[in-house]
Amino acid sequence: MTASQPKQIWWTPDELAAAGLPEMPGSRRGINLLADRLGWRETPGCAQRKPGRGGGWQYHWSVLPLAAQRKLLADAADAPDAHADRGTAWAEFDGLPNAAKAKAAERLKSLQVAETLHRAGATHVHAMSQAARMAGVSVRTLYNWLEMIEGIAPEDRLAYLVPRNRLVQKSGVDSTNARPFNARPFMEFLKALYLRLEQPTFRQCHRTACAQAK
């Protein structure tokens with residue numbers, strides 16, 4: 001069984017060279033030549049400047065050869081997920097207080113500022129430094145937020161930027177033990193509701209699942 005998408009969505013040439021994927025070159029130069037030959041940077045939505053350290057280009061997994069895509073999907077199906085799936089992330093986000101949601105929105109805005117500055121011509125280091133100063137946080141903090149959304153689609157990043165302590169409190173886990181919240185039973189129940197023949201809305205199903213969980 002394969003997953004619907006790989007664990008890592010965006011890849012730098014160095015990462016692709018080191019991944020050992022089928023039908024892919026094993027060097028950065030070979031990856032760059034392949035990207036030029038196949039026009040990856042001209043493919044809408046499939047190439048972007050890397051927002052992390054070092055800058056450079058990164059490419060969407062969908063531009064890779066079919067054999068490489070299949071390998072990534074197979075690996076994703078077998079590997080444990082470092083991030084919660086998007087359904088779980090949004091379900092958790094929806095149940096948080098407005099203050100926690102606002103904090104996540106502030107984090108996202110700061111990262112977007114850094115990305116905008118970088119795309120406008122600033123070096124990545126300078127862009128991160130400026131965005132951190134504007135947000136009133138350290139550059140290290142900004143990088144921590146960046147790591148929280150590594151490989152996450154832009155439209156889902158807000159749900160993954162919630163302060164971790166809020167999720168620990170919401171799940172009822174003792175933060176001193178730092179035990180992870182297991183949302184699988186809740187999500188299985190939610191999916192069962194949503195996939196009924198009556199085709200209820202997601203909001204209706206989520207409300208019912210939350211009531212049942214309580």
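**View 1. Asp 75 and its salt bridge with Lys 71 in helix 3.** Asp 75 is partly exposed at a relative accessible area of 34%, and Lys 71 is likewise partly exposed at 38% (buried is under 20%, exposed over 50%, partly exposed in between, with a 1.4 Å probe and protein chains only). In this predicted model, local features need pLDDT of at least 70 and side-chain atom pairs count only at pLDDT 80 or more, while totals for chains, interfaces and linings use all residues. Residues are numbered from 1 along each chain as its sequence is written, and side-chain values use heavy atoms, with hydrogens and water left out. The side chains of Lys 71 and Asp 75 meet in a salt bridge of 2.8 Å, N to O (a side-chain nitrogen of Lys or Arg within 4 Å of a carboxyl oxygen of Asp or Glu).

**View 2. The salt bridge between Arg 86 and Asp 156.** These side chains meet at 2.9 Å, N to O, and the pair links distant parts of the chain, 70 residues apart. Arg 86 is partly exposed at 49% relative accessibility, whereas Asp 156 is buried at 7%.

**View 3. The packing of helix 6 against helix 7.** Helix 6 (residues 124–135) and helix 7 (residues 139–148) pack at about 105 degrees with their axes 9 Å apart (helices are DSSP runs of H or I, at least four residues, numbered from the N terminus; axes are lines fitted to C-alpha atoms over the stretch in contact, and angles run from 0 to 180 degrees between N-to-C directions). The two helices are therefore roughly perpendicular, a term covering 65 to 115 degrees.

How values were computed. Parallel < 35°, antiparallel > 145°, perpendicular 65-115°, else oblique.
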